[in-house]
Amino acid sequence: PNDDSVRLLSHELEDLDYTLVYQAYSAKGRNPAVDPKTMFKILTYAYSQGIYSTRKIERACRRDINFMWLLAGQKAPDHSTIARFRTGFLANACEDLFYQMVRKLASMKELSMETVFIDGTKLEACANKYTFVWKKSVGKWEEKMFLKIQDAVQMINLTYMKSFQIEKETRTTDLQEIMEFLSQYCTEHKIPFVNGRGKRKSIHQRYYEMFRRFLDRQLLYDLHHSRFGGRNSYSKTDTDATFMHMKDDHMRNAQLKPGYNVQIAVDSEYIVATDIFQDRNDVWTLVPFLKRMKEKLGFNYPSVTADSGYESEEGYSYLREEGQQPYIKPQTYEKWKKRSFKQDISKRENMAYNQETDTYICHAGKELRVLYLKKQHNKSGYESEVTVYECLDCTGCPYKEKCTKAKGNKRLYVSKSFLEKRGESYQNILSEKGIKYRMNRSIQVEGAFGVLKNDYGFQRFLLRGKKKVKLEIL
């Protein structure tokens, strides 16, 4: 039919610039079996119909009239051709094609260009649930082994009259040095290496095998550390995947599964930007996501609307530098409404503040004065200044148990810059426009994830590795 979705898809994708796709093919050799532009249309249409497996796409190309119409007489590609195209030829061009489409929507006045709604969700990786490697466990076993190595090195030094030393920073190279010495010693003295029952190993062979085991384990620990990056876990099946809590927790035991944090930006019900992150927490994704969005779209939105999971001083500072208005709900927004919070005398919000003297007055009427300033650096390297306030004397105070758990005097840690920026965002979300944006955010972004997960049935990635996973979400 003339109003079929495949005709619309073909028409919209026809005008895009496919230069990067064609550049991925070699000028030498035979031509591709199916034109790359047609292959992209087939792949996009298959994903829009909830078909993600290359074998099922191949079957659709042979049996489905819509796919045959896209092929326009060309031979149906087999699954390996589709897989090669998806992960190989399309790898560097897919993001460019996606943002071309977004810019096209902007030129057609389909986007409001007023504010962008940002949210994230966690999608399961194509990895086994029980292939986790934990940073803390690796560190614990490495420390235990280091103590055993120290004892073994002392025995080596006594036996061979040497002065080998193992340092924590250079333990791998130090072990390799000892291994080279033992190997050379056994070769020079023609020491036979024996195996099997009833055969007795020499002390030199025992030392050699012991340090061989130490070195192999140390190299494995080094490999683990190189894969962790800034994470505390990874999966052996897909080393880019991090273990996270998923929404669909059927066992109700908060089981961690390997997955990725998918971030999307929505405007007028269109997804205008998307990216893949390995962080479990949304707060670290906001600034890199906005930077990537600006780079690819070529413009900034006047305002950004996001939920409380994105609130941070770094995020507020970036938005201010870029001249974008924040509509981000404070993390304690819901708590502020509760009676229990309003009656909690330990909270800074429930203390009087004297701006002239820069002091807080506690429930007992005592002053909390500035003790010192300290600099803090977060995970991404952003520096913030924290003012530390301390009460003059808490001894004998009748409210101390309710006010602080500290043995000494009550202390407050306050980032003035963060409070000022949070106040601006708080005023924004309380405005008429802010209320409209908040209501819209929950409809548009959550709705987009609902379409993706339930309507399209996209609950789990089929490809492995961050680069391929990003390609699949695009």
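# Briefing: pockets, cavities and salt bridges

The largest cavity is lined by 14 residues, and those lying nearest its centre are C362, C394, C397, C403 and K410. This is a predicted model, and the points below go through its enclosed cavities, its open pockets, a surface patch and its salt bridges. The structure holds two cavities of 30 Å³ or more, while the largest pocket contains about 1,500 Å³ of space. Salt bridges number 28 in the structure.

**Cavities**

- The largest cavity, around which C362, C394, C397, C403 and K410 are the lining residues nearest the centre, has a volume of about 80 Å³.
- By class, the lining of the largest cavity is made up of nine nonpolar residues, one polar residue and four charged residues.
- The second largest cavity holds about 30 Å³ of space, and the residues that line it are L290, M293, K294, F299, N300, Y301 and Q324.
- In the lining of the second largest cavity, four residues are nonpolar, two are polar and one is charged.

**The largest pocket**

- The largest pocket encloses about 1,500 Å³ of space, and among the 40 residues that line it, T44, S48, F98, Y456 and L474 are the closest to its centre.
- Two or more lining residues come from each of the helices α1 (5-14), α3 (36-48), α7 (94-107), α17 (432-455) and α18 (466-473), and likewise from each of the strands β5 (256-267) and β6 (270-277).
- The lining of the largest pocket divides into 30 nonpolar, six polar and four charged residues.

**The second largest pocket**

- The second largest pocket has a volume of about 630 Å³, and 26 residues line it, with E313, Q376, Y413, S415 and F418 lying nearest its centre.
- At least two residues of this lining are supplied by each of α12 (313-321), β11 (367-377), β12 (383-391), β13 (411-414) and α16 (416-430).
- The lining of the second largest pocket comprises ten nonpolar, nine polar and seven charged residues.

**A nonpolar surface patch**

- L371, Y372 and Y413 form a nonpolar patch on the surface, and together they have about 290 Å² of accessible area; Y413 is also one of the residues lying nearest the centre of the second largest pocket.
- Within this patch, Y372 lies in strand β11, and Y372 counts as partly exposed because its relative accessibility is 34%, a value that falls between the limits of 20% for buried and 50% for exposed.

**Salt bridges between distant parts of the chain**

- D15 forms a salt bridge with K104, in which the closest N and O atoms are 3.7 Å apart; the two residues are 89 residues apart, with D15 in the loop between α1 and α2 (19-23) and K104 in helix α7.
- The partners in this pair differ in their surroundings, since D15 counts as exposed at 57% relative accessibility, whereas K104 is buried with a relative accessible area of 17%.
- The side chains of D119 and R441 meet in a salt bridge at 3.4 Å, N to O, and because D119 lies in strand β1 (residues 115-124) and R441 in helix α17, the pair ties together parts that are 322 residues apart in sequence.
- D119 counts as buried at 4% relative accessibility, and R441 is buried as well, with a relative accessible area of 12%.
- R320 and E420 bring their side chains together in a salt bridge at 2.9 Å, N to O; R320 is in helix α12 and E420 in helix α16, and the pair links parts of the chain that are 100 residues apart.
- R320 counts as partly exposed at 38% relative accessibility, and E420 counts as partly exposed at 42%.
- E95, D275, R292, E295 and K470 are joined into one network by salt bridges that share partners.

**K453 in helix α17**

- K453 is placed in helix α17, and K453 counts as buried because its relative accessibility is 16%, which is below the limit of 20%.
- K453 and T172 are 281 residues apart along the chain, and their C-alpha atoms are separated by 46 Å.

Note on methods
Residues numbered from 1 in each chain as written. Predicted model: local features only at pLDDT ≥ 70, side-chain atom pairs only at ≥ 80, totals over all residues. Heavy atoms only, no water. 1 Å grid on protein atoms, 1.4 Å probe; cavity = no way out; pocket = protein on both sides within 12 Å on 5 of 7 lines; lining within 4 Å. Points joined across faces, edges and corners; volume = space filled by probe spheres on them. Helix = DSSP H or I, 4+ residues; strand = E, 2+ residues; numbered from the N terminus. Nonpolar A, V, L, I, M, F, W, Y, C, P; charged D, E, K, R; others polar. Patch = residues over 30% accessible without salt bridge, like charges linked within 9 Å, V, L, I, M, F, W, Y side chains within 5 Å. Areas by Shrake-Rupley, 256 points an atom, 1.4 Å probe, with all protein chains shown as cover. Salt bridge = Lys/Arg side-chain N within 4 Å of Asp/Glu carboxyl O. Buried < 20%, exposed > 50% of the residue type's maximum accessible area, 1.4 Å probe, protein only.
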